[in-house]
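Hi,

Here is the structure I promised to hand over. Have a look at it first, and my notes follow underneath.

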Amino acid sequence: MMTTLFPVPALPGSGPAALAVLPATLVVLALDLGSTMGWALRSADGAIVSGTEAFRQDRWSGGGMRYLRFRRWLGEVATMTGGLGLVVYEEVRRHVGTDAAHVYGGFLATLTAWCEDRGIAYEGVPVGTIKRFATGKGNAGKDAVIAAVRARGFQPADDNEADALALLLWAIQRRAGGAP
């Protein structure tokens with residue numbers, strides 16, 4: 001049985017005004033963008049699943065292959081869930097190195113273009129906002145975020161998955177006005 005999703009207005013940039021209320025049946029995907037990408041998903045029935053997906057570059061493929069694999073993965077997730085209603089991602093403003101900044105930018109461009117092409121609402125959420133939501137401190141370390149997510153009953157494998165789970169819980173609670 002295919003679930004019918006309530007449409008969320010997809011405005012250019014899909015800012016917070018477009019996402020004031022998040023319907024309970026809306027499929028939400030949260031992403032911690034990177035070569036090892038953390039992801040968390042709330043399905044239309046409210047179930048939450050999470051994990052990591054590797055989009056590492058190897059020496060046998062061209063520079064854009066990781067982004068093509070990411071785009072294909074997004075399509076598979078959308079197909080398996082019956083359609084995504086909202087994608088939230090960790091908005092990183094400062095990177096440790098140039099390579100990390102370039103990789104993040106490539107994933108961000110791929111994600112936003114993919115969402116725009118399909119009319120899917122998306123929103124970037126600053127790192128400090130996610131950490132503050134999860135731990136009470138906007139500058140909390142990776143271990144603190146992992147511990148906070150575990151305290152909510154999840155078992156993330158690493159900080160990437162923990163960040164995605166914290167982001168998903170933020171989106172559910174802040175946009176729906178209720179507890180995840």
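β1 and β2 make a hairpin, with 3 residues between the two strands. This is a predicted model, by the way, so please read everything below with that in mind. The two strands of that hairpin run antiparallel and are joined by 5 bridges; if you want a spot to click on, D32 stands opposite G38 in β2. β2 covers residues 36–42, and 6 of its 7 residues are buried.

On to the next hairpin. β2 and β3 are also antiparallel, with 7 bridges between them, and R42 stands opposite I48 in β3. Here there are 5 residues between the strands, and G46 takes a positive phi near 95°.

T52 sits in β3, which spans residues 48–54. Is T52 buried, partly exposed or exposed? Its relative accessibility is 33%, and because buried means under 20% and exposed over 50%, T52 counts as partly exposed. Leaving out residues up to four places away in sequence, T52 touches T36, M37, G38 and W39, as well as D158, N160 and E161. Of these, M37 is 15 residues from T52 in sequence, with 5.3 Å between their C-alpha atoms.

Now for β4, residues 86–91, where you will find V88. This strand is mostly covered, with 6 of its 6 residues buried. V88 itself has 0% relative accessibility, so it counts as buried. What does V88 touch, not counting residues up to four places away in sequence? The list is V28, L29, A30, L31, E123, L167 and A171. V28 makes a nice example of a long-range partner: V88 and V28 are 60 residues apart in sequence, yet 7.6 Å apart in space, C-alpha to C-alpha.

The strand pairing accounts for several of those names. β4 pairs with β1 (residues 28–32) in the parallel sense over 4 bridges, and V87 in β4 is the bridge partner of L29. β4 also pairs with β5 (residues 121–126), again in the parallel sense, over 6 bridges. There, E123 in β5 is the bridge partner of V88.

Stepping back to the whole chain: there are 5 helices and 5 strands, and from the N terminus they run β-β-β-α-β-α-β-α-α-α. Of the 180 residues, 46% count as buried. Taking contacts between residues at least 6 apart in sequence, 57% join residues at least 24 apart. The accessible surface comes to about 9,100 Å², and 55% of it belongs to carbon and sulfur atoms.

Last, the pocket, in case you want to set up a grid there. The largest pocket has a volume of about 720 Å³. It is lined by 23 residues, and those closest to its centre are E90, V92, R94, H95 and K142. The lining divides into 8 nonpolar, 6 polar and 9 charged residues. Which helices supply at least two residues each to that lining? They are α2 (98–118), α3 (127–135), α4 (142–151) and α5 (159–176).

One link to check on screen: E90, among the residues closest to the pocket centre, falls within the 86–91 range of β4, the strand that also holds V88.

Over to you!

Note on methods: Residues numbered from 1 in each chain as written. Predicted model: local features only at pLDDT ≥ 70, side-chain atom pairs only at ≥ 80, totals over all residues. Heavy atoms only, no water. 1 Å grid on protein atoms, 1.4 Å probe; cavity = no way out; pocket = protein on both sides within 12 Å on 5 of 7 lines; lining within 4 Å. Points joined across faces, edges and corners; volume = space filled by probe spheres on them. Nonpolar A, V, L, I, M, F, W, Y, C, P; charged D, E, K, R; others polar. Buried < 20%, exposed > 50% of the residue type's maximum accessible area, 1.4 Å probe, protein only. Contact = heavy atoms within 4.5 Å. Areas by Shrake-Rupley, 256 points an atom, 1.4 Å probe, with all protein chains shown as cover. Pairing = 2+ DSSP bridges.
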